[in-house]
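Thanks for making time this morning. I would like to walk through one model with you, going from a pair of strands outward to the contact between the chains.

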Amino acid sequence: MDAARRHPVASLLIGFLLLMMIFSSISIVPETRQGIITRFGKPVRIINRYKDGAEIGQVGAGIAFRIPFVERVDWIDKRVRDIEMDKQQVLSTDQLRLEVDAFARYRVVDPLRMYIRARSTDQFEQTLAPILGSQLRNELGKRPFASLLSPEREGVMGNIRQGLDRVARQYGAEIIDVRIKKADLPDGTPLQSAFDRMRTARQQEARSIEATGLKKAQIIRAEADAEAANTYAAAFGKDPEFYNFYRAMQSYETTFLGVNGNKPAQTNIILSPNDEYLKEFTGR
Amino acid sequence: MFSDNKGPWGSPPGSGGGDPPSGDEPAGPWGETPKRRNRPDPVSSLDEFLQRSRGRFGGGGSGGGLGFGGGPSGSLIFWAVVAVASLWLLVTVFHRIAPEERGVVTRFGRYSHTLSPGVGLTLPAPIDRVQKLNVEEIRNIDIGSAAEETLMLTGDQNIIDIAYQVRWLIRDPEQFLYELAEPEETIRQVAESSMRQIVAQVTLQDAMGVKRGDIESRVQEEMQQTLDGYQSGIAIQGVAIKQADPPAAVNDAFKEVNAAQQKAQSYINNANAYALQLRQKAQGDATAFDKVYEQYKLAPGVTKRRMYYETMERILQNVDKTIVETPGVTTYLPLSEIRRSTPRTGGQ
């Protein structure tokens, strides 16, 4: 006590140093990271290592101790991370091109190996992205175009995942999943010809719909005609002779007088006194 | 390395406990407040406290703090520190968790437990930390829009322009916080890949029309399965296809189909109208004939003559008539003459 009061500056300095020692010997390990403790560069232990199936909060994270200035901690992500790949052109066995965009999800299961081989997850991701691309090209290139559209069906994705996992294991990572995000036709000719095909298919459909409509209309008319003819025949057939007369009368009226206000062309009728109509006129 | 660890400890002002050598400021006022009420003598209680705290920090505190209690300014500082510390405690010990929230508590970084709605108690801040997450809010991710084309290949190798929305919420706050590096980005990627996968299994017509609902539910299922595989703690509430159209480049051709359908329908309508008209007319004519025929049968000769004369009357009263005695004249009658005379008669 007295010593401290006599040398306030010195005691302050010592206190500060001690504090620094304490702090630098304690590490707070969050749930999301795994730490590699190295002593002068030599890895000595791993804290909060990922264990499959372990409950959150049971082990690992929390306070970890280390020897100040001698040991240092490097952190590796514990969570599921993703590797994104640049677009890849895949050539199918039937020589059609497809532009594929995929991603992989992985988790670091052996942080030490990751630390030694790749230093950081970023580095690892950069290394693995092209490998993912070539795996994809290899697997998909063995198939015809039609099956490229849904590669999930034939377990292709499983093959790619396994292939990539073999590589990733060397870095202490486990590939959880590989999925194709996009599979498009490349811009330019392939896309244009697909559009053309769609367009002509539609046009064909349009024509056929129109033709079908016409056909149906024709049938409807013909049926109506037949039905009308039938109705007429049934009625008029009772007395063809009278029908002839009856219809002739109607016809004259239509021809000379018009129907529904339609005036017919001017008509001059030249009658002979011998005419049936004028027979009585002459008084014979 | 030091700065790495300093973060959670040193940042809060007056965060208690760790500042014994800081001169005349009282060391660690927290934990002291209740004692002051019981004992009237502040100095002795502080001494006791310092002794305890020295033990706690392994003798790290080399003294100091005895200069306090002398002047009025010292006491003012003391009370100010006490006030700040109590406020700090209040804020970091009591946590109000809203009904839609869950509070995930970590103790020195390690997950400890999850607070349910209500007031939750934890240890003060540098030790326990609470992260509040809203588990009821349904979040949306939109993929594709009306403005830009999102083209996708369908199972029949056609191309569709599709836009959709994914609704999701946090089902399991701990998993959500600790299992995925980029939850939102992950959901987006999984949504894109699932939609592509499902759309590649249906035809263009189905995707644009009847099977939309089916596609939505299948994508949701696929997404949920994938995200569960990541132990993401995310629940997909639904997938809604906002737009599923043919690409702009072929849209005209699709419109042609529509137009053709309209056209075909109008052909059929016209034919139906014609048929209806024709049938009615036939029936009308037939009925009229039947009626007349009934009359005719009663007195055939008379009826026939009557009809003949009536018709002739109607006709001849409205037309120009020329009666010629000798048949031979007819040949010399100039037709043009008759024609010329016609307008005159008509005009009169």
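Let me start in chain B, at strand E3, where His113(B) is the bridge partner of Val105(B). What you have on the screen is a predicted model, and I would ask you to keep that in mind throughout. The pair I just named belongs to a longer match, in which strand E2 of chain B, residues 101-107, is joined to E3(B) by five bridges, with the two strands running antiparallel.

If we widen the view, these strands are part of an open sheet of three strands in chain B, in the order E3-E2-E5 and with antiparallel pairing. Strand E3, residues 110-115, and strand E5, residues 128-134, each have a single partner strand and stand at the edges, so one side of each is left without a neighbour in the sheet. From one strand to the next, the twist of this sheet averages 25°.

Now to chain A, where there is likewise an open sheet of three strands, written E3-E2-E5 and paired in the antiparallel sense. Its edge strands are E3, at 42-47, and E5, at 71-77, each of which pairs on one side only, and here the average twist from one strand to the next is 30°. Strand E2 of chain A, residues 33-39, pairs with E5(A) through seven bridges, again antiparallel, and within E5(A) it is Ile76(A) that stands opposite Gln34(A). Lying across E2, E3 and E5 of chain A is helix H3, residues 111-118, which runs at about 65° to E2(A).

Before we come to the interface, I would like to point out two backbone details. Which residue in the loop between strand E7 (88-91) and strand E8 (97-108) of chain A should we look at? That residue is Gln95(A), which has a positive phi of about 60° although it is not a glycine. Gln95(A) counts as exposed, because its relative accessibility is 56%, and the cut-off for that word is over 50%. In chain B, Gln231(B) sits in the loop between H8 and strand E9 (234-245), and its phi is also positive, near 50°, in a residue other than glycine. With a relative accessible area of 33%, Gln231(B) is partly exposed.

That brings us to the way the two chains meet. In the model, 106 residues of chain A are in contact with 107 residues of chain B, and the two chains bury about 9800 Å² between them, 64% of it on carbon and sulfur atoms. Between chain A and chain B there are 26 residue pairs in polar contact, counting pairs with both residues at pLDDT 80 or more. On the side of chain A that touches chain B, helix H7, residues 189-236 of chain A, gives the most, with 26 residues. The count of salt bridges between the chains is seven. A salt bridge links Glu222(B) with Arg179(A), whose closest N and O atoms are 3.3 Å apart.

Let me finish on one residue at this boundary, Thr226(B), which is found in helix H8, residues 212-229 of chain B. Is Thr226(B) buried or exposed? Thr226(B) is buried, because its relative accessible area is 9%, and the cut-off for buried is under 20%. Leaving aside residues up to four places away in sequence, Thr226(B) touches Asp177(A), Arg179(A) and Val190(B).

Terms used. Residues numbered from 1 in each chain as written. Chains lettered and ligands numbered in written order. Predicted model: local features only at pLDDT ≥ 70, side-chain atom pairs only at ≥ 80, totals over all residues. Heavy atoms only, no water. Helix = DSSP H or I, 4+ residues; strand = E, 2+ residues; numbered from the N terminus. Buried < 20%, exposed > 50% of the residue type's maximum accessible area, 1.4 Å probe, protein only. Contact = heavy atoms within 4.5 Å. Pairing = 2+ DSSP bridges. Axes fitted to C-alpha atoms, helices over the stretch in contact; angles between N-to-C directions. Buried area = accessible area lost by both parts, 1.4 Å probe. Salt bridge = Lys/Arg side-chain N within 4 Å of Asp/Glu carboxyl O. Polar contact = N/O pair within 3.5 Å; in protein donor to acceptor, adjacent residues only side chain to side chain.
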